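Visitor: Please take me closely through one part of this model, the sheet. Then set that part in its surroundings.

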Amino acid sequence: MDREDSKTRFANVVMPYLDDAYGLARWVTGNRADAEDVVQEACLRAFRGIGGFAGGNGRAWLLTIVRNAAYDWLRKNRPAAVVHVDDLEAVERAQLTGAEPAGDNPEAALIARADEAKLEGAIASLPAVFRDTLVLRDVQGLDYREIAAITGVPIGTVMSRLARARGRVIAMLGADK
Amino acid sequence: MTTQNDRLLLNAYIDGELDPEHALEFERRLADNAALANERRRIEALRAAIGERLPREPASLTLRRRVAALVRPRFPDWRTGWPAMAASVAIAFAAGTLATLVAIGPGVREPVPELLVASHVRSLMASQPVDVSSSDRHTVKPWFNGKLPQSPRVVDLAAQGFSLVGGRIDVIGLTPAPTLVYRVRQHVISLTALPASDRAAAPIRPIDGYNVAEWTDGPLVYWAVSDVAVSELDNFAKAFRAGEAQP
């Protein structure tokens, strides 16, 4: 593939999804400037690898690259944020086995009224892998199969991460009356 | 009583990820499990709140330009990407600063084109390349009135593919100058009007990786700076000169 072909493909496959790419990077890095650097790095990787793009879902393809670049950034700049996922899920399983915690079930109306700052704060405070699963589903509207491909885990794991992410956000919004 | 497995199924049900058979089965469980039904309302409330109120921010114009610049063969080795671009921006800045220092020295001619390129680059690094943002020339032109003694022609070139983004005031040397900003595809064109001198206008030329065009129109000389190709900048200049000015 020569440079002109690469440019054309890049314009068709990458440029239309720049907002999604930036949105995901912003949720992972937590700020604008770093998100822009991550998107830039991801787009450079995408451009180099565009010959290997097999066609199909350009958005999921780009978001996979963006997520990888964002996690590289996290590991380098916020190593504490990348908790070992197995540890995290073991802790969650221990907490969630069996019944739900009593008295910790806010009214749906309270959740529905949460203002934007609370909502943003609750999502931002999630562990990284829960947060990006929730963002890909509830903010960016991807389906489970796409999320599984982007995050490199089985669909079952997407389901459990999403359930836990939503559960945590609901608990936070409910606790904050 | 809600088990972890119920929660997974509930989330998948809400997301439309269960096949019809399992969805029906799950609906029956929902009907006679109050705790599960409450959990459903909470998740749906959360999804609605996220959809309605979570702020969504699009990629900035600056980021779009940075990404578009990655694939432009402006640099000999495009693989160096951002560092190379950063270096060229730094050089443009250095050139601009130096030029300003030179300009305020007595009897030294201002290298106006370099100053214009530096202003253009600086505007691209800001979150907005304009101070007044409007595609309507009847909004942009009056904005300059009262701020500057001379307001520029503002021409609507949307039909020719150059959309008006807005305007700003650049300071070139020590002269405040009105600058119009047009966009074509992902590219920005800065068009600055300065008092005309008796020097003849030079042809389009590259400066620090940008193309610079100039033409004289009565008391003003117009300077266009952009990273579009020479031919396209020439088209822009011709369209602007031929265009109908706002009365």
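Guide: What follows starts at the sheet and works outward. This is a predicted model, in which local features need pLDDT of at least 70, side-chain atom pairs count only at pLDDT 80 or more, and totals for chains, interfaces and linings use all residues. Residues are numbered from 1 along each chain as its sequence is written, while chains are lettered from A and ligands numbered from 1 in the order in which they are written.

The sheet is in chain B. It is open, has seven strands and follows the order E1-E2-E3-E4-E7-E6-E5, with antiparallel pairing. Strand E1 (132-133) and strand E5 (205-207) of chain B are the edges, and each pairs on one side only. Two terms need their cut-offs. Strands (E, at least two residues) and helices (H or I, at least four) are DSSP runs, numbered from the N terminus. Two strands pair if DSSP finds at least two bridges between them. In general, strands of a sheet pair through backbone hydrogen bonds, either parallel or antiparallel.

Take strand E2 of chain B as the centre of the close look. E2(B) covers residues 163-172, and nine bridges join it to E3(B), residues 175-184, in antiparallel fashion. Leu164(B) stands opposite Tyr182(B) of E3(B). Val171(B) has Pro176(B) of E3(B) as its bridge partner. The hairpin of E2(B) and E3(B) has two residues between the strands, and Gly173(B) there takes a positive phi near 65 degrees. E2(B) is also joined to E1(B), again antiparallel, by two bridges. Here Val132(B) has Gly167(B) of E2(B) as its bridge partner.

How many of the 10 residues of E2(B) are buried? Seven are, so E2(B) is largely enclosed by the rest of the structure. Burial counts C-beta atoms placed from the backbone: a residue is buried with 20 or more others within 10 Å of its own, exposed with 12 or fewer, and partly exposed in between.

Now follow E3(B) to its far end. Arg185(B) is in the loop between E3 and E4 of chain B. Its phi is near 50 degrees, a positive value in a residue other than glycine. Arg185(B) is exposed, because 12 other C-beta atoms lie within 10 Å.

Helices come next. Helix H7 (residues 137-144) of chain B lies across E1, E2 and E3 of chain B and runs at about 15 degrees to E2(B). Helix H8 (residues 230-242) of chain B packs on the sheet too, touching E3, strand E4 (187-195), strand E6 (210-217) and strand E7 (220-226) of chain B. The direction of H8(B) makes about 25 degrees with that of E6(B). These angles run from 0 to 180 degrees between N-to-C directions, with axes as lines fitted to C-alpha atoms, for helices over the stretch in contact. Contact means that the C-beta atoms of two residues, placed from the backbone, lie within 7 Å.

Chain B also meets chain A. There, 35 residues of chain B are in contact with 40 residues of chain A. Helix H1 (4-14), helix H3 (34-53), helix H4 (61-70) and helix H5 (81-104) of chain B each supply at least two residues of that side of chain B. H3(B) gives the most, with 11 residues. The residues on this side of chain B divide into 19 nonpolar (Ala, Val, Leu, Ile, Met, Phe, Trp, Tyr, Cys and Pro), 11 charged (Asp, Glu, Lys and Arg) and five polar (the others, Gly among them).

One residue of H4 deserves a look: Thr62(B) is placed in that helix of chain B. Thr62(B) is partly exposed, with 16 other C-beta atoms within 10 Å. Leaving aside neighbours within four places in sequence, Thr62(B) is in contact with Leu124(B), Met125(B) and Ser127(B). The C-alpha atoms of Thr62(B) and Leu124(B) are separated by 6.0 Å, though the two are 62 residues apart along the chain.

Chain A has 10 helices and zero strands. Of its 177 residues, 39% count as buried. Confidence in chain A, given by pLDDT (the predictor's confidence in each residue, from 0 to 100), has a mean of 86, and 86% of the residues reach 70 or more. Over residues 97-103 of chain A, pLDDT stays under 50, and the model has four contacts beyond four places in sequence for them.
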